[in-house]
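User: I am new to this structure and would like to go through it slowly, with the reasoning behind each answer. Could we begin once the sequence and the model are on display?

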Amino acid sequence: MRILGIETSCDETGIAIYDDGEGDLPEGIVAHRLYSQIAVHADYGGVVPELASRDHVRKTIPLIKEVLKEANLTPADLDGVAYTAGPGLVGALLVGCSIGRSLAYGWGLPAVPVHHMEGHLLAPMLEENVPEFPFVALLVSGGHTMLVRVDGIGQYEMLGESVDDAAGEAFDKTAKLLGLDYPGGPALSKMAEKGTQGRFKLPRPMTDRPGLDFSFSGLKTAAGTVIRKEIALQKAQGNEGMDEQTHADVAYAFQEAVVDTLAIKCRRALQQCELKRLVIAGGVSANTSLREKLGEITKKLGGEVFYPRPEFCTDNGAMIAYAGLQRLKAGTDADLSFKATPRWPLDTLPAV
């Protein structure tokens, strides 16, 4: 089977074709394209939903044509069309849903609505080193932070999730407090590389109590308090504000606190589930410090950590194509209606 995947849940338009390798092509990604809207939203300091939707309208069809051309395929060579149906921004989702469902109808192919977070969860399956079930998954992005026990595709048990800001959201908000441009998370991580360990100490929220839920809003507030105190101190000394090194030291302390918090919860989840395999996925999973820390933890437990290559950590069409292919093989074929679901619990998906 060969499937087209369409991702339009937020501010990136991702298109890809995935082949199961049982025909004339080897298994894997045949072609993919990704368009980021960073430049569109940069002046506003965050994603503007209406602008995101309009840009998806402009970019989706041209990108589909590019992917088909790169793969040297026509719609007749496809066996299905998968599209992100949720969760995400409802307007952005509607673009992908309407285009994906319409193309499937026009081409006479099955249509497969895909859960965005299931796409992220299965993204490590795009790599050569594929994790075996069961495993614990840490899904960490701008909109979600959750721990899930995974016994198979669609066999998900929620272990814990963020009760307020997701980790990626906290990264972006703290970066804004440091005066960094949107998107702030990657910029903060880069700044942290020059930071000094130990100068500032920030809390590791909700690690001193049982359970696997997360909370990063207080950590963001604590970082903001440190920043304001440092600015006031510098001004009292006749300076305009914090120097470059202080910015880096605050960034280091914040990133260290987030990474430690995620690592503590992951270790707790693995021990609770009596598992040794850990999957991390989502935009924040590209963070080098987080990968190193989780690698150390799983090694001490005699296990292993799995993650997708950086280009498939952020939203992309390849993960939607892969997840859609698994659902298509299980017989999923949506009727002529389509629905965008901005809030969609992962553990409500049917098992494959």
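User: Before we look at details, what kind of model is this, and how much of strand β7 is covered?

Analyst: This is a predicted model, and the values discussed here are computed from it. Strand β7, which spans residues 145-152, is mostly covered, and of its eight residues the number that are buried is seven.

User: Which strands pair with β7, and in what sense do they run?

Analyst: Strand β6, residues 135-140, is joined to β7 by six bridges, with Ala137 standing opposite Val148 and a hairpin of four residues making the connection. Strand β8, residues 155-161, also pairs with β7 over six bridges, and there Val150 stands opposite Tyr156. The partners of β7 are therefore β6 and β8, and the sense of the pairing is antiparallel.

User: Which residue in the hairpin of β7 and β8 takes a positive phi?

Analyst: The hairpin that links β7 and β8 has two residues between the strands. A positive phi, near 85°, is found there at Gly154.

User: In what order do the strands of the open sheet lie, and which strands stand at its edges?

Analyst: Five strands form this open sheet, in the order β8-β7-β6-β9-β10, and the pairing is mixed. Two of the strands have a single partner each, so one side of each is left without a neighbour in the sheet, and these edge strands are β8 and β10.

User: What is the average twist from one strand to the next?

Analyst: Going across the sheet from one strand to the next, the twist averages 25°.

User: Which residue is the bridge partner of Val279 in β10?

Analyst: Strand β9, residues 277-281, pairs with β10 in the parallel sense, over three bridges. Within β10, the bridge partner of Val279 is Phe306.

User: Which helix packs on the sheet, and what angle does its direction make with that of β6?

Analyst: The helix that packs on the sheet is α8, residues 244-273, and it touches β6, β7, β8 and β9. Its direction and that of β6 make an angle of about 155°.

User: How many residues has the largest nonpolar core, and which element gives the most to it?

Analyst: The largest nonpolar core has 44 residues, and those with the most contacts inside it are Val136, Leu138, Leu147, Leu202, Phe254 and Leu294. Among the elements that give two or more residues to this core are β6, β9 and α9. The element that gives the most, with 13 residues, is α8.

User: How many residues does the second, separate core have?

Analyst: This second core is separate, and Ile3, Met117, Leu122 and Leu139 are included in it. Its number of residues is 34.

User: Is the pair of Tyr18 and Tyr322 stacked or edge-to-face, and how many residues apart are the two?

Analyst: The ring centres of Tyr18 and Tyr322 are 5.3 Å apart and their planes stand at 85°, so the pair is edge-to-face. Tyr18 lies in strand β2 and Tyr322 in helix α10, so that the pair links distant parts of the chain. Tyr18 counts as buried at 4% relative accessibility, and Tyr322 is buried with a relative accessible area of 11%. Along the chain, the two are apart by 304 residues.

User: What is the arrangement of the rings of Phe214 and Phe216?

Analyst: Both Phe214 and Phe216 are buried. Their ring centres lie 6.0 Å apart and their planes are at 15°, so the pair is stacked.

Conventions. Residues are numbered from 1 along each chain as its sequence is written. This is a predicted model: local features need pLDDT of at least 70, side-chain atom pairs count only at pLDDT 80 or more; totals for chains, interfaces and linings use all residues. Side-chain values use heavy atoms; hydrogens and water are left out. Buried means under 20% relative accessible area, exposed over 50%, partly exposed in between (1.4 Å probe, protein chains only). Two strands pair if DSSP finds at least two bridges between them. Axes are lines fitted to C-alpha atoms, for helices over the stretch in contact, and angles run from 0 to 180 degrees between N-to-C directions. Contact means heavy atoms within 4.5 Å. A nonpolar core is a set of buried Ala, Val, Leu, Ile, Met, Phe, Trp, Tyr and Cys residues joined through side-chain atoms within 4.5 Å. Rings of Phe, Tyr and Trp (its six-membered ring) pair if their centres lie within 6.5 Å; planes under 30 degrees apart count as stacked, over 60 as edge-to-face and the rest as tilted.
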